[in-house]
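Student: Could you take me through this structure, giving the general idea behind each feature before the particular case?

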Amino acid sequence: MPSIVSIEQVRKTYATGLTALHAVDLRIEEGEILALLGPNGAGKTTLISMTCGISSITSGRITVGGHDVARDFRAARRMIGLVPQELTIEIFEKVIDTVRFTRGLFGMPPDEDYIRRLLTRLSLWEKRDARIRELSGGMKRRVLIAKALAHQPRVLFLDEPTAGVDVDLRRDMWEMIDELRGDGTTVVLTTHYIEEAEAIADRIGVINRGRILLVEEKETLMRRMGRKQLTIELAEPLGAVPAELASYNLELGDEGRELVYAYDKAAERTGIASLLAGLTAAGIRISDLRTAQDTLEDIFVHLVRAEDREAEPEAADPEARAAEQAEVYP
Ligand SMILES: Nc1ncnc2c1ncn2[C@@H]1O[C@H](COP(=O)(O)OP(=O)(O)OP(=O)(O)O)[C@@H](O)[C@H]1O
(Lines give C-alpha, C1' and ligand atoms only; values in the text may rest on other atoms or scores of the structure.)
Protein backbone atom coordinates (compact mmCIF):
# COMPACT_ATOMS: atom_id res chain seq x y z
CA MET A 1 0.00 0.00 0.00
CA PRO A 2 1.44 3.45 -0.84
CA SER A 3 2.29 5.66 2.11
CA ILE A 4 -0.21 8.40 2.98
CA VAL A 5 2.65 10.91 3.18
CA SER A 6 5.81 10.49 1.20
CA ILE A 7 8.77 12.84 1.66
CA GLU A 8 11.58 12.25 -0.79
CA GLN A 9 14.98 13.90 -0.69
CA VAL A 10 13.52 17.09 0.68
CA ARG A 11 15.84 19.98 1.34
CA LYS A 12 15.03 23.39 2.76
CA THR A 13 17.31 26.39 2.55
CA TYR A 14 15.83 29.60 3.94
CA ALA A 15 16.46 33.00 2.35
CA THR A 16 19.02 33.63 5.10
CA GLY A 17 21.13 30.85 3.57
CA LEU A 18 20.48 28.50 6.48
CA THR A 19 19.81 24.92 5.41
CA ALA A 20 17.21 23.71 7.89
CA LEU A 21 16.69 20.29 6.27
CA HIS A 22 19.17 18.16 4.33
CA ALA A 23 17.75 15.61 1.88
CA VAL A 24 15.14 14.17 4.21
CA ASP A 25 13.33 10.94 3.34
CA LEU A 26 10.30 9.92 5.36
CA ARG A 27 7.27 7.76 4.71
CA ILE A 28 4.23 7.99 6.91
CA GLU A 29 1.83 5.06 6.83
CA GLU A 30 -1.93 5.40 6.92
CA GLY A 31 -3.40 5.06 10.40
CA GLU A 32 -0.18 5.35 12.36
CA ILE A 33 0.85 7.80 15.04
CA LEU A 34 4.31 9.10 14.32
CA ALA A 35 6.14 11.30 16.80
CA LEU A 36 8.97 13.48 15.57
CA LEU A 37 11.37 14.11 18.41
CA GLY A 38 14.14 16.62 18.25
CA PRO A 39 15.77 19.50 20.08
CA ASN A 40 14.96 23.17 19.37
CA GLY A 41 15.84 24.16 15.85
CA ALA A 42 16.11 20.56 14.60
CA GLY A 43 13.80 21.26 11.66
CA LYS A 44 10.53 19.71 12.84
CA THR A 45 8.32 22.73 12.16
CA THR A 46 10.03 23.31 8.83
CA LEU A 47 9.25 19.75 7.76
CA ILE A 48 5.61 20.04 8.80
CA SER A 49 5.23 23.46 7.16
CA MET A 50 6.52 22.16 3.86
CA THR A 51 4.26 19.10 4.03
CA CYS A 52 1.27 21.36 4.69
CA GLY A 53 2.22 23.63 1.80
CA ILE A 54 2.90 26.66 4.02
CA SER A 55 6.60 26.81 3.30
CA SER A 56 8.19 26.23 -0.11
CA ILE A 57 10.30 23.16 -0.82
CA THR A 58 13.84 24.01 -1.96
CA SER A 59 14.29 20.62 -3.62
CA GLY A 60 12.76 17.16 -3.42
CA ARG A 61 9.14 16.10 -3.40
CA ILE A 62 6.32 15.64 -0.91
CA THR A 63 3.04 13.88 -1.65
CA VAL A 64 -0.01 13.49 0.57
CA GLY A 65 -2.49 10.82 -0.49
CA GLY A 66 -0.64 10.73 -3.81
CA HIS A 67 -1.03 14.50 -4.43
CA ASP A 68 2.10 16.56 -4.88
CA VAL A 69 1.95 19.33 -2.25
CA ALA A 70 3.57 21.88 -4.58
CA ARG A 71 1.86 21.09 -7.88
CA ASP A 72 -1.49 19.87 -6.56
CA PHE A 73 -1.68 21.99 -3.43
CA ARG A 74 -5.46 22.12 -2.98
CA ALA A 75 -6.03 18.39 -3.21
CA ALA A 76 -3.09 17.68 -0.90
CA ARG A 77 -4.11 20.33 1.62
CA ARG A 78 -7.67 19.03 1.78
CA MET A 79 -6.35 15.78 3.19
CA ILE A 80 -4.42 17.53 5.94
CA GLY A 81 -5.39 19.05 9.26
CA LEU A 82 -2.78 21.23 10.91
CA VAL A 83 -2.61 22.37 14.50
CA PRO A 84 0.15 24.95 14.51
CA GLN A 85 2.48 25.64 17.39
CA GLU A 86 1.27 29.17 17.92
CA LEU A 87 -2.28 30.10 18.85
CA THR A 88 -3.54 31.66 15.64
CA ILE A 89 -7.21 32.15 16.04
CA GLU A 90 -10.00 34.69 15.45
CA ILE A 91 -10.65 35.78 19.00
CA PHE A 92 -13.95 37.58 18.34
CA GLU A 93 -15.58 34.58 16.66
CA LYS A 94 -17.81 32.06 18.36
CA VAL A 95 -16.33 28.58 18.74
CA ILE A 96 -18.91 26.81 16.57
CA ASP A 97 -18.81 29.47 13.83
CA THR A 98 -15.05 29.30 13.40
CA VAL A 99 -15.20 25.51 13.09
CA ARG A 100 -18.08 25.67 10.57
CA PHE A 101 -16.23 28.32 8.60
CA THR A 102 -13.03 26.27 8.40
CA ARG A 103 -15.00 23.29 7.11
CA GLY A 104 -16.45 25.49 4.39
CA LEU A 105 -13.04 26.80 3.45
CA PHE A 106 -12.05 23.32 2.40
CA GLY A 107 -15.14 22.98 0.26
CA MET A 108 -16.84 20.46 2.53
CA PRO A 109 -20.66 20.57 2.75
CA PRO A 110 -22.10 21.57 6.14
CA ASP A 111 -22.50 18.67 8.54
CA GLU A 112 -23.90 19.80 11.87
CA ASP A 113 -23.90 16.28 13.23
CA TYR A 114 -20.17 15.91 12.60
CA ILE A 115 -19.46 19.31 14.16
CA ARG A 116 -21.48 18.43 17.24
CA ARG A 117 -19.59 15.15 17.65
CA LEU A 118 -16.25 16.88 17.10
CA LEU A 119 -16.94 19.63 19.65
CA THR A 120 -18.29 17.12 22.14
CA ARG A 121 -15.22 14.94 21.81
CA LEU A 122 -13.02 17.97 22.49
CA SER A 123 -15.16 19.01 25.48
CA LEU A 124 -16.12 22.17 23.61
CA TRP A 125 -19.81 21.57 23.00
CA GLU A 126 -20.85 23.46 26.15
CA LYS A 127 -18.68 26.36 25.00
CA ARG A 128 -19.87 26.36 21.40
CA ASP A 129 -21.45 29.80 21.63
CA ALA A 130 -18.63 31.38 23.63
CA ARG A 131 -16.38 33.91 21.96
CA ILE A 132 -12.90 32.50 21.61
CA ARG A 133 -11.31 35.37 23.54
CA GLU A 134 -13.34 34.29 26.59
CA LEU A 135 -11.72 30.86 26.65
CA SER A 136 -8.69 29.71 28.64
CA GLY A 137 -5.45 28.93 26.82
CA GLY A 138 -6.13 25.19 27.01
CA MET A 139 -9.62 25.63 25.57
CA LYS A 140 -8.23 27.78 22.76
CA ARG A 141 -5.88 24.95 21.92
CA ARG A 142 -8.85 22.59 21.73
CA VAL A 143 -10.53 25.02 19.31
CA LEU A 144 -7.43 24.87 17.11
CA ILE A 145 -7.73 21.10 17.05
CA ALA A 146 -11.44 21.32 16.23
CA LYS A 147 -10.60 23.66 13.34
CA ALA A 148 -7.91 21.30 12.10
CA LEU A 149 -10.39 18.42 12.12
CA ALA A 150 -13.36 20.41 10.78
CA HIS A 151 -12.95 19.10 7.22
CA GLN A 152 -12.34 15.47 8.25
CA PRO A 153 -8.73 15.27 7.13
CA ARG A 154 -6.95 11.94 6.73
CA VAL A 155 -3.73 13.17 8.28
CA LEU A 156 -3.52 15.41 11.32
CA PHE A 157 -0.28 17.28 12.02
CA LEU A 158 0.15 18.54 15.55
CA ASP A 159 3.11 20.82 16.12
CA GLU A 160 3.99 20.67 19.81
CA PRO A 161 0.38 19.99 20.82
CA THR A 162 0.97 19.97 24.54
CA ALA A 163 3.63 22.67 24.96
CA GLY A 164 2.64 24.71 27.99
CA VAL A 165 -0.60 22.85 28.74
CA ASP A 166 -1.41 21.34 32.11
CA VAL A 167 -1.23 17.65 32.92
CA ASP A 168 -4.99 17.08 32.60
CA LEU A 169 -5.21 18.62 29.16
CA ARG A 170 -2.14 16.70 28.08
CA ARG A 171 -3.80 13.42 29.10
CA ASP A 172 -7.02 14.47 27.32
CA MET A 173 -5.04 15.19 24.16
CA TRP A 174 -3.36 11.81 24.33
CA GLU A 175 -6.77 10.17 24.67
CA MET A 176 -8.14 12.17 21.79
CA ILE A 177 -5.20 11.20 19.58
CA ASP A 178 -5.77 7.58 20.47
CA GLU A 179 -9.45 7.91 19.50
CA LEU A 180 -8.46 9.50 16.19
CA ARG A 181 -6.29 6.52 15.49
CA GLY A 182 -9.37 4.39 16.15
CA ASP A 183 -11.10 6.28 13.32
CA GLY A 184 -8.19 5.57 10.99
CA THR A 185 -6.79 9.14 11.04
CA THR A 186 -3.03 9.31 10.66
CA VAL A 187 -1.41 11.52 13.28
CA VAL A 188 2.00 13.15 13.08
CA LEU A 189 3.13 15.13 16.06
CA THR A 190 6.27 16.95 16.99
CA THR A 191 7.26 17.07 20.59
CA HIS A 192 10.00 17.84 23.06
CA TYR A 193 8.30 15.67 25.61
CA ILE A 194 9.78 12.26 25.36
CA GLU A 195 7.17 10.80 27.68
CA GLU A 196 4.58 11.99 25.15
CA ALA A 197 6.21 10.03 22.35
CA GLU A 198 6.60 7.08 24.66
CA ALA A 199 2.94 7.21 25.67
CA ILE A 200 1.21 7.54 22.32
CA ALA A 201 3.41 6.96 19.29
CA ASP A 202 3.56 3.81 17.19
CA ARG A 203 6.76 4.97 15.51
CA ILE A 204 9.32 7.51 16.52
CA GLY A 205 11.46 9.65 14.26
CA VAL A 206 14.46 11.40 15.74
CA ILE A 207 15.51 14.57 13.97
CA ASN A 208 18.57 16.67 14.71
CA ARG A 209 20.33 19.42 12.78
CA GLY A 210 18.01 18.99 9.81
CA ARG A 211 18.61 15.26 9.44
CA ILE A 212 16.44 12.32 10.35
CA LEU A 213 18.64 10.10 12.46
CA LEU A 214 16.20 7.23 12.55
CA VAL A 215 12.57 6.26 12.26
CA GLU A 216 11.59 3.12 14.01
CA GLU A 217 8.77 1.31 15.77
CA LYS A 218 8.84 2.50 19.36
CA GLU A 219 9.08 -1.00 20.78
CA THR A 220 11.86 -2.02 18.39
CA LEU A 221 13.77 1.15 19.12
CA MET A 222 13.65 0.56 22.83
CA ARG A 223 14.69 -3.05 22.44
CA ARG A 224 17.46 -2.35 19.95
CA MET A 225 19.02 0.77 21.40
CA GLY A 226 18.24 0.38 25.06
CA ARG A 227 21.25 -0.31 27.20
CA LYS A 228 20.87 -1.89 30.56
CA GLN A 229 22.36 -0.92 33.86
CA LEU A 230 23.34 -3.23 36.66
CA THR A 231 23.45 -1.57 40.06
CA ILE A 232 25.47 -3.44 42.64
CA GLU A 233 24.67 -2.49 46.21
CA LEU A 234 27.71 -2.89 48.41
CA ALA A 235 27.81 -4.22 51.96
CA GLU A 236 30.45 -1.60 52.84
CA PRO A 237 30.88 1.72 51.02
CA LEU A 238 33.89 2.31 48.77
CA GLY A 239 35.90 5.54 48.51
CA ALA A 240 36.87 4.86 44.88
CA VAL A 241 36.47 2.19 42.19
CA PRO A 242 39.26 -0.35 42.83
CA ALA A 243 42.05 -0.14 40.25
CA GLU A 244 41.70 -3.82 39.29
CA LEU A 245 38.11 -3.12 38.13
CA ALA A 246 39.00 0.00 36.11
CA SER A 247 38.43 -1.75 32.76
CA TYR A 248 34.67 -2.10 33.51
CA ASN A 249 33.97 1.63 33.40
CA LEU A 250 32.09 1.45 36.68
CA GLU A 251 30.57 4.45 38.33
CA LEU A 252 30.32 4.86 42.02
CA GLY A 253 26.93 6.05 43.28
CA ASP A 254 24.95 6.70 46.44
CA GLU A 255 28.01 7.98 48.31
CA GLY A 256 30.04 4.87 47.58
CA ARG A 257 27.31 2.39 48.48
CA GLU A 258 26.62 1.38 44.86
CA LEU A 259 28.56 0.46 41.76
CA VAL A 260 26.77 1.06 38.48
CA TYR A 261 27.70 -0.97 35.42
CA ALA A 262 26.21 -0.13 31.97
CA TYR A 263 26.11 -3.00 29.50
CA ASP A 264 24.68 -3.90 26.14
CA LYS A 265 22.19 -6.67 26.66
CA ALA A 266 22.36 -7.63 22.99
CA ALA A 267 26.13 -8.23 23.19
CA GLU A 268 27.42 -11.79 23.17
CA ARG A 269 29.17 -11.18 26.47
CA THR A 270 27.68 -8.73 28.89
CA GLY A 271 30.71 -8.94 31.17
CA ILE A 272 28.50 -9.41 34.23
CA ALA A 273 29.86 -12.79 35.26
CA SER A 274 33.49 -11.67 35.12
CA LEU A 275 32.67 -8.40 36.88
CA LEU A 276 31.04 -10.28 39.75
CA ALA A 277 34.03 -12.63 39.91
CA GLY A 278 36.33 -9.58 39.93
CA LEU A 279 34.40 -8.03 42.80
CA THR A 280 34.69 -11.23 44.82
CA ALA A 281 38.42 -11.45 44.07
CA ALA A 282 38.82 -7.85 45.25
CA GLY A 283 37.11 -8.76 48.52
CA ILE A 284 34.09 -6.56 47.88
CA ARG A 285 30.90 -7.91 49.39
CA ILE A 286 27.61 -7.41 47.59
CA SER A 287 24.35 -6.88 49.48
CA ASP A 288 21.98 -6.69 46.50
CA LEU A 289 21.75 -6.39 42.71
CA ARG A 290 19.22 -4.66 40.49
CA THR A 291 18.96 -3.95 36.78
CA ALA A 292 17.26 -1.11 34.90
CA GLN A 293 16.54 -0.52 31.22
CA ASP A 294 17.28 2.74 29.40
CA THR A 295 14.23 4.88 28.91
CA LEU A 296 13.38 6.44 25.57
CA GLU A 297 14.83 9.67 26.95
CA ASP A 298 18.20 8.01 27.58
CA ILE A 299 18.17 6.62 24.04
CA PHE A 300 17.25 9.96 22.53
CA VAL A 301 19.86 11.98 24.40
CA HIS A 302 22.47 9.37 23.55
CA LEU A 303 21.60 9.50 19.83
CA VAL A 304 21.52 13.28 19.58
CA ARG A 305 24.75 13.69 21.53
CA ALA A 306 26.52 11.14 19.35
CA GLU A 307 25.44 13.00 16.22
CA ASP A 308 26.39 16.39 17.66
CA ARG A 309 29.82 15.03 18.55
CA GLU A 310 30.25 13.80 14.99
CA ALA A 311 29.09 17.10 13.51
CA GLU A 312 31.16 19.29 15.79
CA PRO A 313 34.00 17.38 17.39
CA GLU A 314 35.27 20.54 19.08
CA ALA A 315 31.92 20.90 20.86
CA ALA A 316 32.20 17.50 22.45
CA ASP A 317 33.21 18.85 25.83
CA PRO A 318 30.94 16.78 28.12
CA GLU A 319 30.33 19.60 30.60
CA ALA A 320 29.35 22.07 27.91
CA ARG A 321 27.09 19.46 26.32
CA ALA A 322 25.45 18.61 29.64
CA ALA A 323 24.74 22.30 30.28
CA GLU A 324 23.29 22.64 26.79
CA GLN A 325 21.14 19.53 27.15
CA ALA A 326 19.84 20.79 30.48
CA GLU A 327 18.72 23.92 28.71
CA VAL A 328 16.99 22.00 25.96
CA TYR A 329 15.42 19.37 28.22
CA PRO A 330 14.88 21.11 31.53
N1 LIG B 1 11.48 31.63 8.31
C2 LIG B 1 12.72 31.27 8.63
N3 LIG B 1 13.79 31.92 8.12
C4 LIG B 1 15.05 31.56 8.44
N5 LIG B 1 15.37 30.54 9.26
C6 LIG B 1 14.35 29.86 9.80
C7 LIG B 1 12.98 30.19 9.52
N8 LIG B 1 12.20 29.32 10.19
C9 LIG B 1 13.02 28.50 10.87
N10 LIG B 1 14.32 28.82 10.64
C11 LIG B 1 15.52 28.12 11.17
O12 LIG B 1 15.49 26.79 10.70
C13 LIG B 1 15.94 25.89 11.71
C14 LIG B 1 14.87 24.87 12.01
O15 LIG B 1 13.78 25.52 12.64
P16 LIG B 1 12.43 24.77 12.99
O17 LIG B 1 11.48 25.80 13.53
O18 LIG B 1 12.00 23.96 11.86
O19 LIG B 1 12.93 23.81 14.18
P20 LIG B 1 12.08 22.97 15.21
O21 LIG B 1 12.69 21.62 15.27
O22 LIG B 1 10.63 23.04 14.90
O23 LIG B 1 12.37 23.76 16.55
P24 LIG B 1 11.43 24.04 17.83
O25 LIG B 1 11.41 22.77 18.58
O26 LIG B 1 12.19 25.09 18.54
O27 LIG B 1 10.11 24.49 17.34
C28 LIG B 1 16.30 26.76 12.92
O29 LIG B 1 17.69 27.01 12.86
C30 LIG B 1 15.50 28.03 12.68
O31 LIG B 1 16.15 29.14 13.27
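The dialogue below goes through the ligand shell, a helix, the sheets and the nonpolar core.

Student: Before we begin, what kind of model is this?

Tutor: It is a predicted model, and every value we discuss is computed from it.

Student: Which residues lie around the ligand?

Tutor: A ligand shell is read first as a list and then by its origin and its chemistry. Here the list consists of Tyr14, Thr16, Leu18, Ala20, Gly38, Asn40, Gly41, Ala42, Gly43, Lys44, Thr45 and Thr46. Sorted by class, the shell holds 4 nonpolar, 7 polar and 1 charged residues.

Student: Which element gives the largest share of the shell around the ligand?

Tutor: That is helix 1, residues 44–51, which supplies 3 residues of the shell.

Student: How should I read the burial of helix 1?

Tutor: The general point to keep in mind is that an α-helix has 3.6 residues a turn, so residues three or four places apart point the same way. In this structure helix 1 is mostly covered, with 7 of its 8 residues buried, namely Lys44, Thr45, Thr46, Leu47, Ile48, Met50 and Thr51. Just past the end of helix 1, Gly53 adopts a positive phi of about 75°.

Student: Why does Thr46 count as buried?

Tutor: Thr46, which has its place in helix 1, counts as buried because it has 21 C-beta neighbours inside 10 Å, where 20 or more are required. Leaving aside residues up to four places away in sequence, Thr46 touches Lys12, Ala20, Leu21 and Ser55. Of these partners, Lys12 is 34 residues from Thr46 in sequence, yet the two C-alpha atoms are 7.9 Å apart in space.

Student: What is the strand order of the sheet that has strand 2 and strand 5 as its edge strands?

Tutor: Strands of a sheet pair through backbone hydrogen bonds, either parallel or antiparallel. In this case 4 strands form an open sheet in the order 2-1-4-5, with antiparallel pairing. Strand 2 (19–28) and strand 5 (67–68) are its edge strands, each pairing on one side only. Strand 4, residues 59–64, is joined to strand 5 by 2 bridges in the antiparallel sense, and Val64 has His67 in strand 5 as its bridge partner. Helix 1 packs on this sheet, where it touches strand 1 (5–13), strand 2 and strand 4, and the direction of helix 1 makes about 120° with that of strand 1.

Student: And how is the sheet with strands 11 to 14 arranged?

Tutor: Those 4 strands form an open sheet too, in the order 12-13-11-14, and the pairing is antiparallel. Strand 12 (251–253) and strand 14 (286–293) stand at the edges with a single partner strand each, so one side of each is left without a neighbour in the sheet. On average, neighbouring strands of this sheet are turned by 25° against each other, direction ignored. Within it, strand 11, residues 228–234, pairs with strand 14 over 7 bridges in the antiparallel sense, and Lys228 stands opposite Gln293 in strand 14.

Student: Where do I find parallel pairing, for instance around strand 8?

Tutor: Strand 8 runs parallel to strand 3 (residues 33–37), to which it is joined by 5 bridges, and it also runs parallel to strand 7 (residues 155–159), again with 5 bridges. Between strands 3 and 8, the bridge partner of Ala35 is Leu189. On the side of strand 7, Leu156 stands opposite Val187, while Leu158 stands opposite Leu189. Strand 7 is in turn joined to strand 6 (residues 80–83) by 4 parallel bridges, with Gly81 opposite Leu156.

Student: Are strands 7 and 8 buried or exposed?

Tutor: All 5 of the 5 residues of strand 7 are buried, so this strand is largely enclosed by the rest of the structure. Both of its faces are covered, with Val155, Phe157 and Asp159 on one side and Leu156 and Leu158 on the other. Strand 8 (residues 186–191) is mostly covered as well, since 6 of its 6 residues are buried; Thr186, Val188 and Thr190 lie on one face and Val187, Leu189 and Thr191 on the other.

Student: Which residues have the most contacts inside the largest nonpolar core?

Tutor: In soluble globular proteins, nonpolar side chains tend to be buried together. Here the largest nonpolar core has 62 residues, and those with the most contacts inside it are Ala35, Ala146, Val155 and Phe157. Ala146, for its part, touches Val99, Leu118, Leu119, Leu122 and Leu124, residues up to four places away in sequence not being counted.

Conventions:
Residues are numbered from 1 along each chain as its sequence is written. This is a predicted model: local features need pLDDT of at least 70, side-chain atom pairs count only at pLDDT 80 or more; totals for chains, interfaces and linings use all residues. A residue is near a molecule or strand if its C-beta atom, placed from the backbone, lies within 6 Å of it. Ala, Val, Leu, Ile, Met, Phe, Trp, Tyr, Cys and Pro count as nonpolar, Asp, Glu, Lys and Arg as charged, and the others, Gly among them, as polar. A nonpolar core is a set of buried Ala, Val, Leu, Ile, Met, Phe, Trp, Tyr and Cys residues joined through C-beta atoms within 7 Å. A residue is buried if 20 or more other C-beta atoms lie within 10 Å of its own, exposed if 12 or fewer, and partly exposed in between; C-beta atoms are placed from the backbone. Two residues are in contact if their C-beta atoms, placed from the backbone, lie within 7 Å. Two strands pair if DSSP finds at least two bridges between them. Axes are lines fitted to C-alpha atoms, for helices over the stretch in contact, and angles run from 0 to 180 degrees between N-to-C directions.
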